[in-house]
Amino acid sequence: MEVIFLGPPGSGKGTQAQKLHEEEGIPQISTGDMLRRAVRMGTPLGREAGGYMERGALVPDGVMVKLIRERIGEPDCAGGFILDGFPRNRAQAEALEEVLGEGERDSLLALHLEVPREEILRRLAGRLTCQVCGAVYPPRDPAICEVCGGPLYQREDDRRETLERRLEVYQKNTAPLIEYYRKRGRLVSVPAVGTPEEVHRRVREALGAVKAR
Ligand code: AMP
(Lines give C-alpha, C1' and ligand atoms only; values in the text may rest on other atoms or scores of the structure.)
Protein backbone atom coordinates (compact mmCIF):
# COMPACT_ATOMS: atom_id res chain seq x y z
CA MET A 1 0.00 0.00 0.00
CA GLU A 2 1.40 3.36 -1.08
CA VAL A 3 -0.81 6.20 0.08
CA ILE A 4 -0.46 9.95 -0.27
CA PHE A 5 -2.56 12.26 1.88
CA LEU A 6 -3.56 15.40 -0.01
CA GLY A 7 -5.27 18.36 1.61
CA PRO A 8 -4.70 21.90 2.86
CA PRO A 9 -2.91 22.66 6.14
CA GLY A 10 -5.36 21.79 8.91
CA SER A 11 -7.24 19.12 6.92
CA GLY A 12 -6.02 16.40 9.29
CA LYS A 13 -3.36 14.79 7.07
CA GLY A 14 -1.00 14.21 9.99
CA THR A 15 -3.72 12.82 12.26
CA GLN A 16 -5.14 10.50 9.60
CA ALA A 17 -1.72 9.36 8.40
CA GLN A 18 -0.83 8.49 12.00
CA LYS A 19 -4.02 6.45 12.50
CA LEU A 20 -3.47 4.53 9.29
CA HIS A 21 0.15 3.92 10.24
CA GLU A 22 -0.90 2.47 13.62
CA GLU A 23 -3.43 0.19 11.95
CA GLU A 24 -1.42 -0.95 8.94
CA GLY A 25 2.04 -0.98 10.49
CA ILE A 26 3.63 0.73 7.49
CA PRO A 27 5.74 3.87 7.97
CA GLN A 28 4.22 7.34 8.04
CA ILE A 29 6.52 9.76 6.26
CA SER A 30 5.78 13.34 7.25
CA THR A 31 8.11 15.72 5.43
CA GLY A 32 7.00 18.59 7.70
CA ASP A 33 8.00 16.58 10.82
CA MET A 34 11.31 15.55 9.23
CA LEU A 35 12.11 19.18 8.41
CA ARG A 36 11.07 20.48 11.84
CA ARG A 37 13.32 17.88 13.46
CA ALA A 38 16.22 18.95 11.22
CA VAL A 39 15.63 22.61 12.16
CA ARG A 40 15.58 21.75 15.89
CA MET A 41 18.80 19.77 15.58
CA GLY A 42 20.49 22.47 13.50
CA THR A 43 21.55 20.07 10.73
CA PRO A 44 22.56 21.40 7.27
CA LEU A 45 19.10 20.39 5.99
CA GLY A 46 17.47 22.30 8.86
CA ARG A 47 19.55 25.40 8.18
CA GLU A 48 18.60 25.31 4.52
CA ALA A 49 14.88 24.65 5.09
CA GLY A 50 14.21 26.85 8.13
CA GLY A 51 13.84 30.16 6.31
CA TYR A 52 11.36 28.80 3.78
CA MET A 53 9.28 27.20 6.51
CA GLU A 54 9.11 30.37 8.58
CA ARG A 55 7.77 32.24 5.57
CA GLY A 56 5.25 29.52 4.76
CA ALA A 57 6.99 28.90 1.42
CA LEU A 58 7.88 25.53 -0.08
CA VAL A 59 11.38 24.19 0.49
CA PRO A 60 13.06 23.75 -2.95
CA ASP A 61 12.08 20.60 -4.85
CA GLY A 62 15.66 19.34 -5.17
CA VAL A 63 16.05 19.22 -1.38
CA MET A 64 12.68 17.54 -0.88
CA VAL A 65 13.10 14.94 -3.60
CA LYS A 66 16.50 13.91 -2.21
CA LEU A 67 14.97 13.59 1.27
CA ILE A 68 12.09 11.45 0.03
CA ARG A 69 14.26 9.33 -2.23
CA GLU A 70 16.50 8.43 0.73
CA ARG A 71 13.59 7.78 3.10
CA ILE A 72 11.62 5.61 0.68
CA GLY A 73 14.77 3.64 -0.05
CA GLU A 74 15.00 2.47 3.57
CA PRO A 75 14.08 -1.19 4.22
CA ASP A 76 10.97 -0.43 6.33
CA CYS A 77 9.32 1.12 3.25
CA ALA A 78 9.53 -2.07 1.19
CA GLY A 79 5.97 -3.09 2.12
CA GLY A 80 4.49 0.34 1.46
CA PHE A 81 4.30 3.74 3.15
CA ILE A 82 2.05 6.68 3.92
CA LEU A 83 3.15 10.08 2.67
CA ASP A 84 1.95 13.11 4.59
CA GLY A 85 3.11 16.43 3.13
CA PHE A 86 4.71 15.15 -0.09
CA PRO A 87 4.24 15.75 -3.01
CA ARG A 88 3.37 19.45 -2.74
CA ASN A 89 3.50 20.32 -6.46
CA ARG A 90 3.58 18.73 -9.89
CA ALA A 91 7.38 18.49 -10.10
CA GLN A 92 7.45 16.55 -6.82
CA ALA A 93 4.62 14.26 -8.01
CA GLU A 94 6.56 13.45 -11.17
CA ALA A 95 9.76 12.90 -9.20
CA LEU A 96 7.91 10.51 -6.89
CA GLU A 97 6.82 8.41 -9.84
CA GLU A 98 10.42 8.21 -10.94
CA VAL A 99 11.59 7.16 -7.49
CA LEU A 100 8.98 4.40 -7.23
CA GLY A 101 9.30 1.07 -8.97
CA GLU A 102 6.71 0.03 -11.53
CA GLY A 103 4.49 -1.98 -9.17
CA GLU A 104 4.52 0.70 -6.51
CA ARG A 105 3.72 3.39 -9.05
CA ASP A 106 0.61 1.50 -10.12
CA SER A 107 -0.66 0.93 -6.60
CA LEU A 108 -0.14 4.56 -5.51
CA LEU A 109 -3.33 6.13 -4.15
CA ALA A 110 -3.94 9.80 -3.37
CA LEU A 111 -6.42 10.31 -0.54
CA HIS A 112 -7.84 13.80 -0.74
CA LEU A 113 -9.14 15.14 2.57
CA GLU A 114 -11.89 17.63 1.70
CA VAL A 115 -12.58 20.40 4.20
CA PRO A 116 -14.41 23.74 3.62
CA ARG A 117 -12.16 26.81 3.84
CA GLU A 118 -14.00 28.35 6.84
CA GLU A 119 -13.50 25.13 8.78
CA ILE A 120 -9.76 25.15 7.95
CA LEU A 121 -9.36 28.69 9.26
CA ARG A 122 -11.25 27.84 12.42
CA ARG A 123 -9.14 24.73 13.05
CA LEU A 124 -5.80 26.39 12.48
CA ALA A 125 -6.40 29.46 14.63
CA GLY A 126 -4.48 28.58 17.74
CA ARG A 127 -3.86 24.88 17.06
CA LEU A 128 -1.21 23.42 19.34
CA THR A 129 1.42 20.78 18.63
CA CYS A 130 3.28 18.49 21.04
CA GLN A 131 6.98 19.35 21.18
CA VAL A 132 7.91 15.71 21.77
CA CYS A 133 5.70 13.47 19.61
CA GLY A 134 4.12 15.96 17.18
CA ALA A 135 0.47 15.19 18.10
CA VAL A 136 -1.85 18.08 17.17
CA TYR A 137 -4.60 19.57 19.33
CA PRO A 138 -7.47 22.00 18.75
CA PRO A 139 -7.30 25.40 20.47
CA ARG A 140 -7.95 25.47 24.22
CA ASP A 141 -7.01 21.86 24.95
CA PRO A 142 -4.78 21.31 28.02
CA ALA A 143 -1.13 22.32 27.76
CA ILE A 144 0.10 18.73 28.08
CA CYS A 145 0.06 16.12 25.32
CA GLU A 146 -2.44 13.30 26.01
CA VAL A 147 -0.32 10.83 24.05
CA CYS A 148 3.11 11.29 25.60
CA GLY A 149 2.78 13.96 28.31
CA GLY A 150 5.07 16.36 26.41
CA PRO A 151 4.55 20.14 26.41
CA LEU A 152 2.38 21.73 23.69
CA TYR A 153 3.38 24.81 21.68
CA GLN A 154 2.11 26.84 18.73
CA ARG A 155 4.05 26.05 15.56
CA GLU A 156 5.84 29.15 14.27
CA ASP A 157 4.20 28.67 10.88
CA ASP A 158 0.71 28.35 12.43
CA ARG A 159 0.78 32.12 13.19
CA ARG A 160 -1.62 34.22 11.19
CA GLU A 161 0.36 35.79 8.31
CA THR A 162 2.34 32.62 7.64
CA LEU A 163 -0.85 30.62 7.73
CA GLU A 164 -2.45 32.75 5.03
CA ARG A 165 0.67 32.34 2.93
CA ARG A 166 0.62 28.56 3.41
CA LEU A 167 -3.02 28.41 2.30
CA GLU A 168 -2.14 30.45 -0.81
CA VAL A 169 0.80 28.19 -1.57
CA TYR A 170 -1.51 25.18 -1.17
CA GLN A 171 -4.09 26.59 -3.60
CA LYS A 172 -1.53 27.52 -6.20
CA ASN A 173 0.89 24.57 -6.05
CA THR A 174 -0.69 21.61 -4.30
CA ALA A 175 -4.42 21.76 -5.11
CA PRO A 176 -3.72 21.09 -8.85
CA LEU A 177 -2.46 17.63 -7.78
CA ILE A 178 -6.09 16.66 -7.09
CA GLU A 179 -6.75 16.88 -10.83
CA TYR A 180 -3.36 15.29 -11.57
CA TYR A 181 -4.25 12.12 -9.64
CA ARG A 182 -7.89 12.15 -10.75
CA LYS A 183 -6.81 12.01 -14.40
CA ARG A 184 -4.61 9.02 -13.63
CA GLY A 185 -7.48 7.23 -11.86
CA ARG A 186 -5.57 7.35 -8.56
CA LEU A 187 -7.68 9.81 -6.57
CA VAL A 188 -10.04 9.04 -3.69
CA SER A 189 -11.85 11.95 -2.03
CA VAL A 190 -12.97 11.75 1.58
CA PRO A 191 -15.07 14.38 3.38
CA ALA A 192 -12.79 15.30 6.30
CA VAL A 193 -15.27 16.95 8.64
CA GLY A 194 -16.45 15.39 11.92
CA THR A 195 -14.29 13.71 14.54
CA PRO A 196 -10.89 12.22 13.62
CA GLU A 197 -12.43 8.76 14.24
CA GLU A 198 -15.28 9.43 11.80
CA VAL A 199 -12.84 10.63 9.15
CA HIS A 200 -10.63 7.59 9.76
CA ARG A 201 -13.62 5.29 9.22
CA ARG A 202 -14.29 6.99 5.87
CA VAL A 203 -10.62 6.64 4.93
CA ARG A 204 -10.80 2.91 5.68
CA GLU A 205 -14.00 2.48 3.69
CA ALA A 206 -12.50 4.35 0.75
CA LEU A 207 -9.35 2.19 0.80
CA GLY A 208 -11.46 -0.98 1.12
CA ALA A 209 -13.56 0.05 -1.89
CA VAL A 210 -10.44 0.65 -3.98
CA LYS A 211 -8.91 -2.71 -3.01
CA ALA A 212 -12.16 -4.47 -3.96
CA ARG A 213 -12.14 -2.93 -7.48
P1 AMP B 1 3.64 20.61 7.02
O2 AMP B 1 3.92 20.18 8.42
O3 AMP B 1 3.44 19.45 6.06
O4 AMP B 1 2.53 21.61 6.93
O5 AMP B 1 4.98 21.34 6.49
C6 AMP B 1 5.47 22.50 7.13
C7 AMP B 1 6.38 23.26 6.17
O8 AMP B 1 7.48 22.43 5.76
C9 AMP B 1 5.73 23.71 4.87
O10 AMP B 1 5.02 24.92 5.02
C11 AMP B 1 6.95 23.84 3.96
O12 AMP B 1 7.67 25.02 4.24
C13 AMP B 1 7.80 22.66 4.39
N14 AMP B 1 7.48 21.43 3.62
C15 AMP B 1 6.96 20.27 4.09
N16 AMP B 1 6.81 19.37 3.11
C17 AMP B 1 7.25 19.97 1.97
C18 AMP B 1 7.35 19.57 0.60
N19 AMP B 1 6.96 18.35 0.19
N20 AMP B 1 7.86 20.47 -0.28
C21 AMP B 1 8.27 21.68 0.11
N22 AMP B 1 8.19 22.14 1.37
C23 AMP B 1 7.68 21.28 2.31
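**Exercise 1. Is cysteine 77 buried or exposed, and what about the other cysteines?** At what relative accessibility does cysteine 77 sit, and does that make cysteine 77 buried or exposed?

Keep in mind that we're working with a predicted model.

*Solution.*
- Step 1: get the cut-off. A residue is buried when its relative accessible area is under 20%.
- Step 2: apply it. Cysteine 77 has a relative accessibility of 1%, so cysteine 77 counts as buried.
- Step 3: try cysteine 130. Its value is 3%, so cysteine 130 is buried too.
- Step 4: look for a bond. The closest cysteine sulfur to that of cysteine 130 belongs to cysteine 148, 3.6 Å away. A disulfide needs sulfur atoms within 2.5 Å, so this pair is too far apart for a bond.
- Step 5: check everything else. Searching the whole structure turns up zero disulfides.

**Exercise 2. Work out which side of helix α7 faces inward.** Use the buried and exposed residues of α7.

*Solution.*
- Step 1: list the buried residues. Within α7 (residues 117-124), these are Glu119, Ile120, Arg123 and Leu124.
- Step 2: place them around the axis. They span an arc of only 125°, so they sit on the same side of α7.
- Step 3: turn to the other side of α7, where Glu118 and Arg122 are exposed.
- Step 4: find the partner. The buried residues of α7 pack against α8 (160-174).
- Step 5: see what follows. Glycine 126 comes after α7 and has a positive phi, near 85°.

**Exercise 3. Repeat the analysis for α9.** Find the buried residues of α9 and the elements they pack against.

*Solution.*
- Step 1: the buried set in α9 is Leu177, Ile178, Tyr180 and Tyr181.
- Step 2: looking down the axis of α9, these residues fall within an arc of 160°, so they line one face of the helix.
- Step 3: their packing partners are β1, α5, β4, α8 and β8 (187-191).
- Step 4: just past α9, glycine 185 has a positive phi of about 70°.

**Exercise 4. Map the largest nonpolar core.** Identify its best-connected residues and the elements that build it.

*Solution.*
- Step 1: recall the background. Nonpolar side chains tend to be buried together in soluble globular proteins.
- Step 2: pick out the hubs. The largest nonpolar core has 32 residues, and the ones touching the most other members are Ile4, Leu6, Ile29, Ile72, Leu83, Leu96 and Tyr181.
- Step 3: assign the core to elements. Those giving two or more residues are β1 (2-6), α2 (31-41), α3 (44-55), α4 (61-72), β3 (81-84), α5 (90-99), β4 (108-114) and α9 (176-183).
- Step 4: name the top contributor. That's α4, with six residues, the largest share.
- Step 5: zoom in on isoleucine 4. Leaving out residues up to four places away in sequence, isoleucine 4 touches Leu83, Phe86, Pro87, Leu96, Leu108, Leu109, Ala110, Leu111 and Tyr181.
- Step 6: don't miss the other core. Apart from this one lies a core of 22 residues, including Ile82, Leu163, Val190 and Ala192.

**Exercise 5. Describe the ligand's surroundings.** Say which residues come nearest and which polar groups are involved.

*Solution.*
- Step 1: of the 16 residues around the ligand, the nearest are Thr31, Arg36, Ala57, Gly85 and Gln92.
- Step 2: check the side chains. A ligand nitrogen is 2.9 Å from an N or O atom in the side chain of threonine 31. A ligand oxygen is 3.0 Å from an N or O atom in the side chain of arginine 36.
- Step 3: check the backbone. A polar backbone atom of valine 59 is 3.0 Å from a nitrogen of the ligand.

Methods
Residues numbered from 1 in each chain as written. Predicted model: local features only at pLDDT ≥ 70, side-chain atom pairs only at ≥ 80, totals over all residues. Heavy atoms only, no water. Buried < 20%, exposed > 50% of the residue type's maximum accessible area, 1.4 Å probe, protein only. Helix = DSSP H or I, 4+ residues; strand = E, 2+ residues; numbered from the N terminus. Arc of directions from axis to C-beta. Contact = heavy atoms within 4.5 Å. Core = buried A, V, L, I, M, F, W, Y, C linked by side-chain atoms within 4.5 Å. Near = heavy atom within 4 Å. Polar contact = N/O pair within 3.5 Å; in protein donor to acceptor, adjacent residues only side chain to side chain.
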